[in-house]
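Subject: Structure for you to look at

Hello,

Here is the structure I said I would pass on. Please open it first, then read the notes below it.

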Amino acid sequence: MDNVKLDLDRLADYGFAIFDLRSLAKKKVPYDSILHLADSLNKGTDNYSFIKFSVPVFNREKNLAYIVLSQGSGGETLILEKVNGKWKKKYEIASWVE
């Protein structure tokens with residue numbers, strides 16, 4: 001079973017602005033500049049939050065994925081399952097609010 005590369009940029013098709021923190025860190029952009037850039041994504045919108053995704057860990061068959069999502073002061077750890085070509089939440093392992 002082939003698995004297509006996870007393409008978070010496709011979230012832009014649903015109105016999400018993509019902010020690639022990893023690429024900025026590789027370019028050694030100062031942290032305060034990163035915060036300014038992140039804030040600029042929400043200017044002129046009602047959005048005040050970001051969703052942060054961990055790098056998914058797949059099983060051997062590549063039909064299950066472990067992922068951590070964080071938003072604001074909370075988040076959840078999930079097992080996703082690929083069913084008929086779409087990823088669906090199978091289990092919520094943990095959730096938290098700080």
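Trp87 is a good place to begin: at 31% relative accessibility, this residue counts as partly exposed. Please keep in mind throughout that the model is predicted.

Trp87 has a partner. The structure holds one aromatic pair. The rings of Phe58 and Trp87 have their centres 5.8 Å apart and their planes at 50°, so the pair is classed as tilted. A pair counts as edge-to-face over 60 degrees and as stacked under 30. Phe58 sits in strand 2 (residues 57-58) and Trp87 in strand 5, so this pair links distant parts of the chain, 29 residues apart. Like Trp87, Phe58 is partly exposed; the relative accessible area of Phe58 is 32%.

Next, the overall layout. Two helices and five strands make up the secondary structure of the chain. Following the sequence from its start, you meet them in the order α-α-β-β-β-β-β. The chain has 98 residues, of which 15% count as buried. About 8100 Å² of the chain is exposed, and carbon and sulfur atoms supply 54% of that area. Taking the contacts in the chain with a separation of 6 or more, 20% are between residues 24 or more positions apart.

Now the charged side chains. Side chains of opposite charge can pair when their charged atoms come close. How many salt bridges does the count come to? The count is three.

Two of these involve Lys89, a residue of strand 5. One joins Lys89 to Glu76, with the closest N and O atoms 4.0 Å apart. Glu76 belongs to strand 4 (residues 74-83) and Lys89 to strand 5 (residues 86-97), so this bridge ties together parts that are 13 residues apart in sequence. Another joins Lys89 to Glu92, where the closest N and O atoms are 3.7 Å apart. Glu76, Lys89 and Glu92 are thus linked in a network of salt bridges. Both acidic partners are partly exposed: Glu76 has a relative accessibility of 22%, and Glu92 has a relative accessible area of 41%.

Which residues does Lys89 touch, if its neighbours within four places in sequence are left aside? They are Glu76, Leu78, Ile79 and Leu80. For Leu78, which is 11 residues from Lys89 along the chain, the C-alpha atoms of the two are separated by 6.9 Å.

The remaining salt bridge is between Lys90 and Glu81, with 3.6 Å between the closest N and O atoms. Lys90 is partly exposed at 36% relative accessible area, and Glu81 is also partly exposed, at 24%.

Last, the surface. Tyr14, Phe16, Ile18, Ile51 and Phe53 make a nonpolar surface patch of about 490 Å². One of these residues, Ile18, is found in the segment before helix 1 (21-26). Is Ile18 buried, exposed or partly exposed? Ile18 is partly exposed, as its relative accessible area is 35%. That value fits the patch rule, because a patch residue needs over 30%.

If you want a route through the model, start with the ring pair of Phe58 and Trp87, go on to the network of Glu76, Lys89 and Glu92, and finish at the patch that includes Ile18.

Regards

Key:
Residues are numbered from 1 along each chain as its sequence is written. This is a predicted model: local features need pLDDT of at least 70, side-chain atom pairs count only at pLDDT 80 or more; totals for chains, interfaces and linings use all residues. Side-chain values use heavy atoms; hydrogens and water are left out. A salt bridge is a side-chain nitrogen of Lys or Arg within 4 Å of a carboxyl oxygen of Asp or Glu. Helices (H or I, at least four residues) and strands (E, at least two) are DSSP runs, numbered from the N terminus. Buried means under 20% relative accessible area, exposed over 50%, partly exposed in between (1.4 Å probe, protein chains only). Patches are made of residues with over 30% relative accessible area and no salt bridge: like charges are joined within 9 Å, nonpolar side chains (Val, Leu, Ile, Met, Phe, Trp, Tyr) within 5 Å. Accessible areas come from the Shrake-Rupley method with a 1.4 Å probe; for residues, only the protein chains shown count as cover. Contact means heavy atoms within 4.5 Å. Rings of Phe, Tyr and Trp (its six-membered ring) pair if their centres lie within 6.5 Å; planes under 30 degrees apart count as stacked, over 60 as edge-to-face and the rest as tilted.
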